[in-house]
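Hello,

Here is the structure I promised to pass on. Have a look at it first, and then read my notes below.

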Amino acid sequence: MNREIIDINDCTILLEEATTDSTNLVDTCYFDEPVIAIAFYGSGDVGLKVKYDGKTKEFQQTKGMILSFYADEKVAFEHHVSNEKPLQCLVIATTVRNLDKLPNGEGEFLEQFLSQLVHPKDHYVEGPVFKMTPEMFVLVEQFFNNSYEGGIKMMFYKSHMSALLSHYFGQLASQKPTIIETSQLEKINLAQEILLADLENPPSLTELAQKIGTNTNKLKKEFKAQFGVPVFKYLQNERLKKAYNLIKKEQKTIQEAAWAVGYDSLGSFSNAFEKKFGYRPSQV
């Protein structure tokens with residue numbers, strides 16, 4: 001397991017990654033004092049249990065999830081890591097006593113949008129829970145993939161933390177986030193799993209709706225509400241992210257990466273890649 005803690009401007013950034021070859025590895029963490037925090041779950045899909053005062057709150061589908069919360073020293077966060085569900089989590093936290101010291105107005109935004117966390121009534125108080133936008137997902141991935149050192153690394157973390165929080169508060173300001181309800185999310189999470197299982201040959205919208213037991217209109221509406229983008233856009237983003245990793249980490253050729261994610265035309269692939277990342281795949 002890799003864990004990195006970075007202190008920036010009265011905030012703390014916690015980066016956690018973990019993989020295992022076993023069926024279940026439990027990683028438990030606590031906070032030393034009461035905090036208000038926002039957790040961004042990246043490409044892993046780890047199980048999460050929040051335990052406090054004899055209560056347990058469980059999250060089974062964490063990939064791309066944002067969880068905001070207040071927690072004191074009595075709250076335990078258990079990540080259940082398996083060989084199929086690795087952990088990739090970024091937490092931005094501040095202590096309650098530091099709210100007035102935050103430099104970019106974050107304290108005011110927390111009071112405005114997350115007042116229930118600023119004025120808690122229990123050991124653990126949960127704020128909005130929703131899915132990251134594609135832009136936020138890219139920022140989170142960049143935290144885990146940067147290779148800078150020293151002062152440049154700190155500059156990178158500061159700028160990306162500000163950008164990530166800007167997107168987060170922008171989401172809260174522009175629309176009321178869809179709160180995760182287990183009964184509603186089961187079908188949408190299943191749709192997500194089906195898409196990710198076969199990026200090269202995904203089902204059509206009609207086929208996908210049939211597979212999860214709903215109609216296309218409801219699928220489109222609920223999928224966009226939960227993931228922030230339409231089904232096709234989500235699929236395209238996941239294809240391009242996988243292609244990026246194939247080129248960057250596995251040293252695949254551009255042609256191999258394009259074919260692996262379902263693109264027959266190199267021109268179409270390169271254009272879509274540049275539109276998403278800002279540079280051509282040949283520049284990776």
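What follows is a short tour, from the whole chain down to single residues.

Please keep in mind that this is a predicted model.

**The chain as a whole**

The protein chain contains 10 helices and 10 strands. Its radius of gyration is 19 Å, close to the 19 Å that the globule rule gives for 284 residues, so the chain is as compact as a globular protein of that length. Along the principal axes, the C-alpha trace spans about 55 × 50 × 40 Å. Of the 284 residues, 48% are buried. If you take the contacts with a separation of 6 or more, 71% of them join residues 24 or more positions apart. The chain exposes about 14,400 Å², and carbon and sulfur atoms supply 47% of that area.

**Two helix pairs**

Two packed helices are described by the angle between their axes and the distance between the axes. I have both values for two pairs.

In the first, the axes of H6 (residues 205-212) and H7 (residues 216-227) come within 9 Å and cross at roughly 90 degrees. An angle from 65 to 115 degrees counts as roughly perpendicular, which means that H6 is roughly perpendicular to H7. On the H6 side, the contact is made by Leu 205, Thr 206, Leu 208, Ala 209 and Ile 212, which meet Thr 216, Leu 219 and Lys 220 of H7. By type, the residues of this contact divide into five nonpolar, two polar and one charged.

In the second pair, the axes of H8 and H10 come within 10 Å, with a crossing angle of roughly 95 degrees. H8 is therefore roughly perpendicular to H10. Here Gln 236, Asn 237, Leu 240, Lys 241, Ala 243, Tyr 244 and Ile 247 from H8 meet Phe 269, Ala 272, Phe 273, Lys 276 and Phe 277 from H10. The residues of this contact divide into eight nonpolar, two polar and two charged.

Tyr 279 sits in the segment after helix H10 (266-277). With a relative accessibility of 28%, Tyr 279 counts as partly exposed. Beyond its neighbours within four places in sequence, Tyr 279 is in contact with Tyr 244, Phe 273, Glu 274 and Val 284. Tyr 244 and Phe 273 also appear in the contact of H8 with H10. From Tyr 279 to Phe 144 there are 135 residues in sequence and 20 Å in space, C-alpha to C-alpha.

**Two residues with positive phi**

Most residues other than glycine have a negative phi. Which backbone angles may catch your eye, then? Phi of Asp 53 is near 50 degrees, a positive value in a residue other than glycine. Asp 53 lies in the loop between strand E5 (47-52) and strand E6 (55-59), and it is exposed, with a relative accessible area of 54%. Gln 251 is not a glycine either, yet it has a positive phi of about 60 degrees. Gln 251 belongs to the loop between helix H8 (231-248) and helix H9 (254-260). It is exposed too, at a relative accessible area of 62%.

**Three loop residues and their contacts**

The loop between E6 and strand E7 (65-71) holds Gln 60, and Lys 63 lies in the loop between E6 and E7 as well. Are these residues buried or exposed? Gln 60 counts as partly exposed at 44% relative accessibility, whereas Lys 63, at 16%, counts as buried because the limit for buried is under 20%.

Leaving out residues up to four places away in sequence, Gln 60 touches Asp 45, Val 46 and Lys 85. Its C-alpha atom is 4.8 Å from that of Gly 47, and the two residues are 13 apart along the chain. Lys 63, with neighbours within four places set aside, is in contact with Tyr 41, Gly 42, Ser 43, Gly 44, Asp 45, Lys 131, Phe 137, Gln 192, Leu 196 and Glu 238. The C-alpha atoms of Lys 63 and Pro 86, 23 residues apart along the chain, are separated by 9.9 Å.

Lastly, Ser 82 is in the loop between strand E8 (76-81) and strand E9 (87-95). Ser 82 counts as buried, at 14% relative accessibility. Outside the residues up to four places away in sequence, Ser 82 touches Thr 20, Ser 22 and Thr 23.

Happy exploring, and all the best!

Methods: Residues numbered from 1 in each chain as written. Predicted model: local features only at pLDDT ≥ 70, side-chain atom pairs only at ≥ 80, totals over all residues. Heavy atoms only, no water. Axes fitted to C-alpha atoms, helices over the stretch in contact; angles between N-to-C directions. Helix = DSSP H or I, 4+ residues; strand = E, 2+ residues; numbered from the N terminus. Parallel < 35°, antiparallel > 145°, perpendicular 65-115°, else oblique. Contact = heavy atoms within 4.5 Å. Nonpolar A, V, L, I, M, F, W, Y, C, P; charged D, E, K, R; others polar. Rg over C-alpha atoms; globule rule 2.2 N^0.38 Å. Buried < 20%, exposed > 50% of the residue type's maximum accessible area, 1.4 Å probe, protein only. Areas by Shrake-Rupley, 256 points an atom, 1.4 Å probe, with all protein chains shown as cover.
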